[in-house]
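This briefing covers selected residues and strands of one model. The points are grouped by topic.

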Amino acid sequence: QVQLVESGGGLVQPGGSLRLSCTASRRIGVSDTMAWYRQAPGKQREFVAAIYPNGATKYGDSAKDRFTISRDRTKSAVSLQMNSLKPDDAAVYYCNVPRLELWGQGTQITVSS
């Protein structure tokens, strides 16, 4: 069965940048919408960004103007470039393929000085 694996999480200082990656075990990114969500302690799961098969993108309010989602169609991978990170961005970030109701295991982001 297809699976998603996230990577790139870790510790970053406020104002810093991180790039997350989500890789599918087989080629699905070309024809499927792919998305990123996040969940922080005590908060509900929050939409971050999505990229559609035609390349169009959508961002949640907390991500607009700071985050960029992109896709490598050949490698079936989607990335999330996160700039100007704030403490409120700290969360576990999950990759998602809505059509397959498929989620990755999550990668943790910590923003602290």
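In this predicted model, a polar atom of the E6 side chain lies 2.9 Å from the backbone nitrogen of G106. The E6 side chain also reaches the backbone nitrogen of Q105, again at 2.9 Å. E6 itself belongs to strand β1, residues 4–7.

**Surroundings of E6**

- E6 is buried but forms no salt bridge.
- R45 carries the nearest side chain of opposite charge, and that side chain is 11 Å from E6.
- Since a salt bridge is counted within 4 Å, R45 at 11 Å does not provide one for E6.
- Beyond its neighbours within four places in sequence, E6 is in contact with S21, C22, W36, Y93, Y94, C95, G104, Q105, G106 and T107.
- Two residues of that contact list, Q105 and G106, are those whose backbone nitrogens are given above.

**The sheet that contains β1**

- Strand β1 is part of an open sheet of 4 strands, ordered β1-β3-β8-β7 and paired antiparallel.
- β1 and β7 (67–72) are at the edges and have a single partner strand each, so one side of each has no neighbour in the sheet.
- On average, neighbouring strands of this sheet are turned by 15° against each other, direction ignored.
- Within the sheet, β3 (residues 18–24) and β8 (residues 77–82) run antiparallel and are joined by 6 bridges.
- R19 is placed opposite Q81 in β8.

**Strand β11 and its partners**

- Side chains alternate along β11 (107–111).
- T107, I109 and V111 point to one face and are buried, whereas Q108 and T110 point to the other face and are not buried.
- T107 is also among the contacts of E6.
- β11 pairs with strand β2 (residues 10–12) in the parallel sense, over 3 bridges.
- Opposite G10 stands I109 of β11.
- β11 pairs with strand β9 (residues 91–97) in the antiparallel sense, also over 3 bridges.
- Q108 in β11 is the bridge partner of V92.

**S112, after β11**

- S112 is located in the segment that follows β11.
- The relative accessible area of S112 is 40%, so S112 is classed as partly exposed.
- Apart from neighbours within four places in sequence, S112 is in contact with L11, V12, Q13 and P14.
- From S112 to I69 the separation is 43 residues in sequence and 23 Å in space, taken C-alpha to C-alpha.

Note on methods:
Residues are numbered from 1 along each chain as its sequence is written. This is a predicted model: local features need pLDDT of at least 70, side-chain atom pairs count only at pLDDT 80 or more; totals for chains, interfaces and linings use all residues. Side-chain values use heavy atoms; hydrogens and water are left out. Helices (H or I, at least four residues) and strands (E, at least two) are DSSP runs, numbered from the N terminus. Buried means under 20% relative accessible area, exposed over 50%, partly exposed in between (1.4 Å probe, protein chains only). Lys and Arg count as positive and Asp and Glu as negative; His and the chain ends are not counted. A polar contact is a pair of N or O atoms within 3.5 Å; within protein, one must be able to donate a hydrogen and the other to accept it, and residues adjacent in sequence count only if both atoms are side-chain atoms. Contact means heavy atoms within 4.5 Å. Two strands pair if DSSP finds at least two bridges between them. Axes are lines fitted to C-alpha atoms, for helices over the stretch in contact, and angles run from 0 to 180 degrees between N-to-C directions.
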